[in-house]
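Visitor: I should like to learn how interfaces and domain arrangements are read from a model. Could we work through one example together?

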Amino acid sequence: MRVLFIEDSERLRVSVTTGLRKEGFAVDTAGDGDEGLYLAEVNRYDVIILDLMLPGLDGLTILRRLREQGSDVHILILTARSAIEERVEGLRLGADDYLTKPFSFDELTARVQALIRREYRMKSPVIRVGGIEINTATKTVLRNGERIPLPPREYRLLEFLARRKGRVVTRTEIEEHIYDERVSPMSNVVDSAICNLRRMINVKGQPDIIHTKRGLGYILSDGDR
Amino acid sequence: MRSIRRYLTCRLLFGLFILVLGSNALLYYHIYGKTVAQFDKTLLSRARDLASMTEQDSEGISVEWREEFLPEFAARTDPGYFQIWNEDGQVVIRSPSLEGLDLPRITGSIGVPRFWNLVLPDGRPGRAIGMRFSPYIDEEDLPFVKDPKELQIVLAMDRAGIRSMLRLFLYGSLFVTMILSTGIIMMVPRVIVSGLSPLNDLSRHTSSIDVYRLGSRYPTDDLPDELVPIVTRLNELLDRIEKAFERERRLAADIAHELKTPIAELRSLSEVAIKWSDDMEFVNYSLKNTVEIACQMDRIVSLLLALNRCERDRQAVCPAPVELVGLVGELWRPWQKTAAEKEMDVEFQMPDKVVVSTDRTMLSSIITNLFANAVEYSPRGGHFKCLLREGAERISLLMQNSNDLLKEEDLPHIFEYLWRKEASRSSSTHTGLGLALVQTFARYLGIEVGTRLLASGDFCIALEIPVAFPARTTG
């Protein structure tokens, strides 16, 4: 899942980004409003975490412009402004959630995950496909009750496919949602990641749950599609 | 405690009582005087009637009194009395009602009769007139009367009638006085309470004003004229209190807001470091930044405390001779590197030596803050000019730097606590308190601070430093 964090405090940017990446998110960051709006316009994010008081464009302007452009990306406002009227204004302008500083990192993560669940119309943090159970809250994967340790990149890929189970996911979509600004995906990086993921989650004698749709992309499903 | 209500009630009751009593007494004595005068007039008229009945001829004095003319002097019940004497004191005539008794022989002069009260021979209270008169002498007898006589007459009549009438009037007056007094006693306190009710309203309104309702004002409509100036002053006082509270609240909110970001940073750095403590790179980054945040917060708190000390007039000031050129050079040194990194064009115009009497530490703090602002807020490749000009009583220290941030409308705000041009407050080195401290310290040291934006956009700040430390400059 790909997140954009627009925040002018470098320390917050580094700490939150580090934590979110360790939680399995692909995170892009921006230190001012102009850069933040640019990234939000050119990339597809699952969630944008947006500070309000920013150098350059302020957070509410970014929010307003994105909504005016028809963007339906989930936006979580993260700000030191805590007055009710400020929260109300942010939510009325189209924000999906509001968290005030100082905040708990776990709460921020939980809210981001909740927004992602809402994005994929899921209430439960647990996704089951075939014999695999993916807990998006604890970022753990079980196969027949046994835990499968997955590196962050492979976990992100599995969760992304699982949230779209039964639907064909293109390579471009995978690139857009799994890799952040630090990675410059090459043409075969997605195929390589899929190959790795298959190797890690497949068990001999049991059907593969990741199916290749030639020329289209990949699909995660229980049966042979 | 003195009570206006009690004071007014007592004074008014006493005053009104005396007024009512006094006016009734005056009225009584006026009526009494008029009645007695009227009675005296009757006595005089009767005495003159009797005098006109007295005649002197060659044979002596005769009185033509007959009972039918003045019957009251021969009546059996409640009669009047009269008696006439000659010059020798011999009785010429006495009224039959006297039955041989004498009236007291008290007389006035001829033109001026004398009146007095007495007890009539039958025991009733009476009033008498005594006067002298000359008996009538017929023209025909004039040649024969060699010695015209002067007679004395005393006439007394019952005054019980006027006495009972006056007594009735007196009792009536006393009754009216009592009624009026009772009315006054009942009415005055109520009138006073009603008259002082605006004060009670004022008191009620005052008690309803607490720190959360400082916007409330005393209504001035329908207010007695006497209270209007008081209420106006009270409303002005409330204005000042509200502004002071608003400033304190805003400051508290600003401080809380200012501290929220470093606290959020601390918490986020710590939580992530604890959660992934095996990531030593991040843990080290977190620890290093934690120290920096602590220093930043310490800087904010120290500045706030310094400002608070000044506001409470507790800032210790130690005036001593300070060589200004050396001090400016010494304080600039730490900023040289940053200015060079930003490729700034720096120019200093200083005389050889300037000495002023001031507090070195506070002045250093002022200059350091101004250097920090000039260097950090100047755009890359900008310029900074520092001039020192000598005057007889004041030294001018002018600083001018490139500026692409401040606008003319910002100048009134730059000395406010925690004010920053950038609402984002991204900078961790600036607290928004530096210029507030500059202004507060400057006031303490008697330094005048002026700011302006030049046509080129350059920001210019001037310090007018007194050569001699002023005796008292705070407040």
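**Reading interfaces and domains**

Guide: This is a predicted model. Between domain 1 of chain A and domain 2 of chain A, about 1,400 Å² is buried, with carbon and sulfur atoms giving 41% of that area. R2(A), R21(A) and R44(A) supply 36% of what domain 1 of chain A buries there, more than any other three residues.

Visitor: Where do the bounds of the two domains of chain A fall, and how many residues of each are in contact?

Guide: The assignment places domain 1 at 2–119 and domain 2 at 126–220. Their C-alpha centres are 26 Å apart, and 15 residues of domain 1 of chain A contact 15 residues of domain 2 of chain A.

Visitor: How many salt bridges and polar contacts are counted between these domains?

Guide: The salt-bridge count is 0, and 1 residue pair is in polar contact, both residues at pLDDT 80 or more. On the side of domain 1 of chain A, β2 (26–30) and α5 each supply at least two residues. The largest share, 4 residues, is that of β2(A). By class, this side holds 5 nonpolar, 3 polar and 7 charged residues.

Visitor: Let us apply the same reading to the two chains. What area is buried between chain A and chain B?

Guide: About 2,200 Å² is buried, and carbon and sulfur atoms contribute 58% of it. In chain A, the residues that lose the most area to chain B are R11(A), K22(A) and P102(A), together 33% of what that side buries. The contact draws 25 residues from chain A and 26 residues from chain B.

Visitor: How many salt bridges are counted between the chains?

Guide: There are 5 salt bridges between chain A and chain B. One of these joins the side chains of R11(A) and E292(B), at 3.2 Å from N to O. The interface also has 12 residue pairs in polar contact, both residues at pLDDT 80 or more.

Visitor: Which helices of chain A supply at least two residues each to the side that touches chain B?

Guide: They are α1 (10–22) and α5 (105–119). The largest share, 9 residues, comes from α1(A). This side of chain A comprises 10 nonpolar, 7 polar and 8 charged residues.

Visitor: What radius of gyration does chain B have, beside that of a compact globule?

Guide: Chain B has 54 Å, whereas a compact globule of 475 residues would have a value near 23 Å. Its C-alpha trace spans about 160 × 60 × 40 Å along the principal axes. Chain B is divided into domain 1 (4–166), domain 2 (228–311) and domain 3 (319–466). The C-alpha centres of domain 1 and domain 3 of chain B are 111 Å apart.

Methods:
Residues numbered from 1 in each chain as written. Chains lettered and ligands numbered in written order. Predicted model: local features only at pLDDT ≥ 70, side-chain atom pairs only at ≥ 80, totals over all residues. Heavy atoms only, no water. Domains from an automatic or database assignment. Contact = heavy atoms within 4.5 Å. Buried area = accessible area lost by both parts, 1.4 Å probe. Salt bridge = Lys/Arg side-chain N within 4 Å of Asp/Glu carboxyl O. Polar contact = N/O pair within 3.5 Å; in protein donor to acceptor, adjacent residues only side chain to side chain. Nonpolar A, V, L, I, M, F, W, Y, C, P; charged D, E, K, R; others polar. Rg over C-alpha atoms; globule rule 2.2 N^0.38 Å.
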